[in-house]
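Thanks for coming, everyone. I have one structure to walk you through today. Have a look at the screen.

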Amino acid sequence: MSELVQIVDSLENKISKLLHRLEMLHRANRELEKELVSIQNEKETVNSSVSEWEEKYNALKMANSMLGSNTNKTQAKLKINTLIRELDHCIAQLSE
């Protein structure tokens with residue numbers, strides 16, 4: 001009977017250790033999930049900032065080409081033509 005008690009005590013001890021380890025892993029998982037959400041939010045912020053800077057860069061590039069820079073005159077003309085076509089399309093839709 002003594003051996004049976006020792007086996008049960010050993011099993012209880014092992015189960016206790018496993019439960020403790022399980023709880024530790026759950027905590028670590030929750031912390032990692034919080035960190036993941038934080039990093040995803042930071043990534044979205046960085047992506048939006050990059051988009052804003054790209055828009056500013058393109059606007060500056062367009063402004064420079066309109067000020068007389070020979071390198072981007074063709075690009076500026078194409079952009080202006082595209083804008084005019086878009087305006088014509090909008091006007092046509094409004095007049096319908």
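Start with three residues: Glu23, Arg27 and Arg30 are linked in a network of salt bridges. Keep in mind that this is a predicted model.

How many salt bridges does the structure hold? Two. Let's take them in turn.

In one, the side chain of Glu23 meets the side chain of Arg27. The distance is 3.6 Å, N to O. In the other, Arg30 meets Glu23. Again we read 3.6 Å, N to O. So Glu23 takes part in a bridge with Arg27 and in a bridge with Arg30.

Now, where do Glu23 and Arg27 sit? Both lie in helix 1, which covers residues 2-66. They are four residues apart, and that is about one turn of the helix.

Are these three buried or exposed? Let's go one by one. Glu23 has 33% relative accessibility, so it counts as partly exposed. Arg27 has 44%, so Arg27 is partly exposed. Arg30 has 42%, and therefore Arg30 is partly exposed too. The reasoning needs two cut-offs: buried means under 20%, and exposed means over 50%.

Next, the nonpolar side of the story. Which residues make the nonpolar surface patch of about 480 Å²? Ile7, Leu11, Ile15, Leu19 and Leu22. Take Ile7 from that list. Ile7 is found in helix 1. At 49% relative accessibility, Ile7 counts as partly exposed.

Let's zoom out. The whole protein has two helices and zero strands. Its radius of gyration is 33 Å, while the globule rule gives 12 Å for 96 residues. The value is well over the rule, so the protein is more spread out than a compact globule. Look at the spans too. Along its principal axes, the C-alpha trace covers about 100 × 40 × 15 Å.

What share of the 96 residues is buried? Just this: 4%.

Then the surface. The protein exposes about 9,000 Å². Carbon and sulfur atoms supply 59% of that area.

Last, the charges. The protein has 13 positive and 15 negative charges. The mean position of the positive charges and that of the negative charges are 8 Å apart.

To recap: a salt-bridge network of Glu23, Arg27 and Arg30, a nonpolar patch that includes Ile7, and a protein more spread out than a compact globule. Thanks for listening.

Conventions: Residues numbered from 1 in each chain as written. Predicted model: local features only at pLDDT ≥ 70, side-chain atom pairs only at ≥ 80, totals over all residues. Heavy atoms only, no water. Rg over C-alpha atoms; globule rule 2.2 N^0.38 Å. Buried < 20%, exposed > 50% of the residue type's maximum accessible area, 1.4 Å probe, protein only. Areas by Shrake-Rupley, 256 points an atom, 1.4 Å probe, with all protein chains shown as cover. Lys, Arg positive; Asp, Glu negative; His and termini not counted. Charge placed at Lys NZ, Arg CZ, Asp CG, Glu CD. Salt bridge = Lys/Arg side-chain N within 4 Å of Asp/Glu carboxyl O. Patch = residues over 30% accessible without salt bridge, like charges linked within 9 Å, V, L, I, M, F, W, Y side chains within 5 Å.
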